[in-house]
Amino acid sequence: MEQTYELKVGQLKRTLPIIPINDTTAIASFVLLGDSELAHEAAQQLSTKITENFDYIVTLECKGIPLAEEMSRLTNHPKFVVLRKSVKAYMTDPLEVSVKSITTTDEQKLVLDGHDAEQLAGKHVILVDDVISTGGSLEAAEQLLTKAHAKTVAKCAILAEGDAANRTDIIYLEKLPLFSIKSGK
């Protein structure tokens, strides 16, 4: 199996390490945190693909935050909302849903602060993430936004991993393959 995967987004190239996530599958490990150049490039490209009018950008903690921040700035939306992975002491009347993703072993939570839920009620939002793979996190985010009475008008990511690249309900910039681990037994 290859040890790295060459990713190209716009004119930028990144070499991603291939990391096993279970006995049969490995992923090209893409971490946007700390890569402001790539976050900016991806935000510019994705912002031009959003054709729907929207009031807020919503992202999931934590790797989608740099992308949401850049898209927020580029689209003149001064505030974006982050769905958290746990209830925080400062939250009032938080809304919660369960989520399971390809990169986590246990079920997790997505949490929306009640104050943010009030702001999103009746609004049109776009969901932004770094990578969409199984779609489990995205589906949970949509459930949470529905609980808050917000309408998701677009879902976008930098990368669509594996079968997600065949989806017609998401906007993405590049495909990211999954890798099979061949058993040596």
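A disulfide is a pair of cysteine sulfur atoms within 2.5 Å. I began with that cut-off and searched the whole structure, which is a predicted model. The search returned zero disulfides.

**Entry 1: cysteines**

I looked up Cys-62 and found it in no disulfide; the nearest cysteine sulfur belongs to Cys-156 and is 17 Å away. From the other end, the closest cysteine sulfur to that of Cys-156 is in Cys-62, and 17 Å is too far for a bond. I then asked of each whether it is buried or exposed. Cys-62 is partly exposed, at a relative accessible area of 31%. Cys-156 is buried, at 0%.

**Entry 2: helix H1**

I took helix H1, residues 36-49, next. Its 14 residues reach 20 Å from the first C-alpha to the last, close to the 20 Å expected at 1.5 Å a residue. I listed its buried residues: Leu-38, Ala-39, Ala-42, Ala-43, Leu-46 and Ser-47. Seen down the axis of H1, these fall within an arc of 155°, so they line one face of the helix. I noted the general reason for such a pattern: an α-helix has 3.6 residues a turn, so residues three or four places apart point the same way.

What covers the buried residues of H1? I found that the cover includes strand S1 (4-9), strand S2 (12-20) and helix H2 (65-74). Strand S9 (151-161) and strand S10 (171-176) are also among the covering elements.

**Entry 3: salt bridge from H1**

I counted ten salt bridges in the structure. The one I checked on H1 joins Glu-37 to Arg-14, with the closest N and O atoms 2.9 Å apart. This pair links distant parts of the chain, since Glu-37 is in helix H1 and Arg-14 in strand S2, 23 residues apart. Glu-37 has 48% relative accessibility and counts as partly exposed.

**Entry 4: salt bridge between two loops**

I went on to Arg-84 and Glu-61, whose side chains meet in a salt bridge at 2.6 Å, N to O. Arg-84 lies in the loop between strand S5 (80-83) and strand S6 (95-99). Glu-61 lies in the loop between strand S4 (56-60) and H2. The two residues are 23 apart and the pair links distant parts of the chain.

**Entry 5: salt-bridge network**

Which residues are linked with Glu-142 in a network of salt bridges? I found Lys-155, Arg-167 and Asp-169. Within this network I checked Glu-142 and Lys-155, whose side chains meet at 3.5 Å, N to O. Glu-142 is in helix H4 (residues 136-147) and Lys-155 in strand S9, 13 residues apart. I looked up the accessibility of both partners. Glu-142 counts as partly exposed at 24%, whereas Lys-155 is buried at 11%.

**Entry 6: helix H4**

Having reached H4, I checked the helix itself. H4 has twelve residues and reaches 17 Å from its first C-alpha to its last, close to the 16 Å expected at 1.5 Å a residue. I listed its buried residues as Ser-137, Leu-138, Ala-140, Ala-141, Leu-144 and Leu-145. They cover an arc of only 160° around the axis, which puts them on the same side of H4. Just after H4 I noted His-149, which takes a positive phi of about 65°.

**Entry 7: aromatic pair**

I searched for aromatic pairs and found one. The partners are Tyr-5 and Phe-179, with ring centres 5.9 Å apart and planes at 65°, so the pair is edge-to-face. Planes over 60 degrees apart count as edge-to-face. Tyr-5 is in strand S1 and Phe-179 in strand S11 (residues 178-180), 174 residues apart, so the pair links distant parts of the chain. Phe-179 is buried, with a relative accessible area of 11%.

**Entry 8: Ile-57**

I closed with Ile-57, which is found in strand S4. It is buried, at a relative accessible area of 0%. What is Ile-57 in contact with, leaving aside its neighbours within four places in sequence? I found Ala-68, Met-71, Ser-72, Thr-75, Phe-80, Val-81, Ile-126 and Val-128. I also took one C-alpha separation: Ile-57 and Thr-146 are 89 residues apart along the chain, and their C-alpha atoms are separated by 15 Å.

Conventions:
Residues are numbered from 1 along each chain as its sequence is written. This is a predicted model: local features need pLDDT of at least 70, side-chain atom pairs count only at pLDDT 80 or more; totals for chains, interfaces and linings use all residues. Side-chain values use heavy atoms; hydrogens and water are left out. Helices (H or I, at least four residues) and strands (E, at least two) are DSSP runs, numbered from the N terminus. The expected span of a helix is 1.5 Å times one less than its number of residues. Buried means under 20% relative accessible area, exposed over 50%, partly exposed in between (1.4 Å probe, protein chains only). The arc is that of the directions from the helix axis to the C-beta atoms. Contact means heavy atoms within 4.5 Å. Rings of Phe, Tyr and Trp (its six-membered ring) pair if their centres lie within 6.5 Å; planes under 30 degrees apart count as stacked, over 60 as edge-to-face and the rest as tilted. A salt bridge is a side-chain nitrogen of Lys or Arg within 4 Å of a carboxyl oxygen of Asp or Glu.
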